[in-house]
Amino acid sequence: MVLAVLHAVSGSFGRQQSHLFPWAPVCLGVGIGIYFSLMQEPPLWGLGLCAAVLLLCWLVAVWRGCHRGSWVSLVLWALTLSLTGAVVATYKAHAVAAPVLSYRYYGPIEGRIIAIDKSASEKMRLTLDNVRLSRVPPARTPVKVRVSLHGPDMGTTFTPGDVVITTGHLGPPSGPVEPGGFDFQRHLWFQQLGALGYTRNPMLRYKPAAIENADAALRLYTIRRALSEGIKSRMSMREGPFAAAIITGDRSDLDASALEILRASNLAHLLAISGLHMGLLTGAVFAVIRLCLAAIPAASLRLPIRKVAAVAAFAAALVYLGISGASVATQRAFIMVSVMLLAICLERPALSLRAVAMAALVILVTTPQALVGPGFQMSFAATIALVAVFGAIRDRGTFLRVPKWLSGVVALLVSSFIAGAATAPFGAAHFNQVSQYGLLANLLSVPVMGFVVMPGALLAGLLAPFGLEAAGLAVMELGLAWILGVADFVAGLNGSTRAIMAPSVHVLPLVALGGLFLCLWQGAGRLIGLLPICAALLFWASTERPTVLISETGRLIGVLGEGGRALNKPKGDGFSAQVWLENDGDTGDQAHAATRAGFAANDLRVNLNGVKLVFNAANPEKIDLAQACATNDLVVLPRLTDFLPEGCQGWSGADFLTGGSVAIYETKTGLRYENSRSRQGDRLWVPKPRKRRQ
């Protein structure tokens, strides 16, 4: 189906309609977005049938004489691609379906290490496949589990492919920390991670790695891991992990403080292996190979040196794609570079927007779930904006008329501003902060990345076979030290970051729609794109945060007041507390929020427009349930009772198990309640509610 539609699309654009091709991934993305926003899982056969019927209608319209640029054929083409996007996403969701643990498990855990990283609490974390759990049948055992090591350090150095054993706790992936929040269950569903947990016992190596019998993915990961460890061992404790991150994509040892200052200074994008890194590497390889061949008369006279250099640059890009981990941004950069190098080989001009569109099509067809992630959104927002703006400058030739020695500085200034403006809404929505001095930091850092760090990485790679890679790594280290110094300086400026409240669900789609109109539409009509962007800003400014939030454990409660959200305890459910405060646009931490009015005096009652809510999350057994129900309108009882007594309103532990986290809004007509399951809908990745005992 997908190939048939793309073939039809490629044939539907004559030279006069060639500017429409970049809209193909937009239509595909609309269908994928609609799929993820549905409240009910659609049948795959129904979507496929509708897409096939629409494709047939489009072909009939063309055959009956409707020329390819007519509104009829364009509407049918757009609808066909949108439905195809929904089909692709539905198929992918079913294709990755795997068992998910449905209860809390404690016992023996055995598995093979396929990934090593660190948790938010800086604990080593192992992802295992070939999992074996005691008393769990193979048909119900998750394909992958992830275990954080909280136990004693046994001095064991783990390598990918090791079979390890321990005794620990596992549980199903948690739902959103608040209704409408980031859906961890959906995120982990597409990774086939069916259980998460921890162990306080030693993790023991049961069998050493047998890489010769491993699959290609594990072998490649092993190479990447060894390369990363080699880089870190030859550089300082701060710059080494940074270098490993931009070469192999390994961020497991990146210092938390370094990551924080990079985010605060808007330099975290340098960690993402994207167009900047891929372009610098392939450009350097292309230039070096071409210059070397041009210096040899026999080669320059007999060989098409530009084509040879393009092939060598493609090979370098392919190797870099493999050792970097092939993230969404890296895939996009690789596809774009490949298209441009292919154009050089075919002696045809490379159309940049077509390259971006082709990259988006490939990624959306192979990994449709990437659409809802920040990596895809920010990477393509920056790329589309840069290509569109510099394309307009090139076509008009009137904007950058500056002295030649100044053109590079002006181009850097313009590109940094454009990329920052294009990604700012997405970064603010996903990470709840905006860097005030990001432009300054990028002006001081990006040239160093281009002229020092990446050439140093290339030099290290060329000298590595001779054991002389230390020279290239030393050059890299100097450049990375400068970048971290700039990040430190900018992050330390007064007001370097500004906290932003999380937007409603409508905001980012409207921003994306408006931005695409501004960049892709031809003529003055592109200004229509300003309307959805203005509407998005209005929606964002009027976003309503819940008055009361209750975690899915029922033990953390936050009440929004004039001084910010007050929390009922200074520790416990820390991740939920952090996300709540960030979504409020609050820079405080959980300990500070626990001292705010409402909970400082251990007040376990809240009055919401005359509606009384009572809870004791720390000691639910101390609540006199009969008295609480008689004297209060709402009762929060984390204790795992099946249900509250008849006539008693509120939530018990069983309600949190089936409904997840809870949000309470104050409205003019009274209180409005939502739980996370009601916002998720009946989807493949959402656990089915348990039946209550009667």
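User: Which word fits Glu-41 and Arg-683 in this model, buried or exposed?

Analyst: Glu-41 is buried, and Arg-683 is buried as well, where buried means under 20% relative accessible area, exposed means over 50%, and partly exposed covers the range in between (1.4 Å probe, protein chains only). The model is predicted, so local features need pLDDT of at least 70 and side-chain atom pairs count only at pLDDT 80 or more, whereas totals for chains, interfaces and linings use all residues. Residues are numbered from 1 along each chain as its sequence is written, and side-chain values use heavy atoms, with hydrogens and water left out.

User: What makes the contact between Glu-41 and Arg-683 a salt bridge?

Analyst: A salt bridge requires a side-chain nitrogen of Lys or Arg within 4 Å of a carboxyl oxygen of Asp or Glu, and the N to O distance for Glu-41 and Arg-683 is 2.8 Å, so the pair qualifies. Glu-41 lies in the loop between helix H2 (23-37) and helix H3 (44-63), and Arg-683 in the segment after helix H24 (676-680), so the pair ties together parts that are 642 residues apart in sequence.

User: Why is Lys-569 called buried, and how is its partner Asp-573 classed?

Analyst: Lys-569 has 19% relative accessibility, which is under the cut-off and therefore counts as buried. Asp-573, with a relative accessible area of 23%, is partly exposed. The closest N and O atoms of their salt bridge are 3.5 Å apart.

User: How do you know that Glu-674 and Arg-672 fall into their accessibility classes?

Analyst: Glu-674 counts as buried at 18% relative accessibility, while Arg-672, at 33%, counts as partly exposed. Their side chains meet in a salt bridge with an N to O distance of 3.1 Å. Elsewhere, salt bridges that share partners join Lys-118, Arg-225, Glu-229, Lys-232, Asp-250 and Asp-253 into one network. A search of the whole structure finds 20 salt bridges.

User: Why are helices H6 and H11 described as roughly perpendicular?

Analyst: The axes of helix H6 (residues 216-233) and helix H11 (residues 305-324) come within 8 Å and cross at roughly 85°. Angles of 65 to 115 degrees count as roughly perpendicular, under 35 as roughly parallel, over 145 as roughly antiparallel and the rest as oblique, so H6 is roughly perpendicular to H11. The contact, meaning heavy atoms within 4.5 Å, is made by Leu-220, Arg-224 and Leu-227 of H6 together with Gly-322, Ile-323 and Ser-324 of H11.

Definitions and conventions
Helix = DSSP H or I, 4+ residues; strand = E, 2+ residues; numbered from the N terminus. Axes fitted to C-alpha atoms, helices over the stretch in contact; angles between N-to-C directions.
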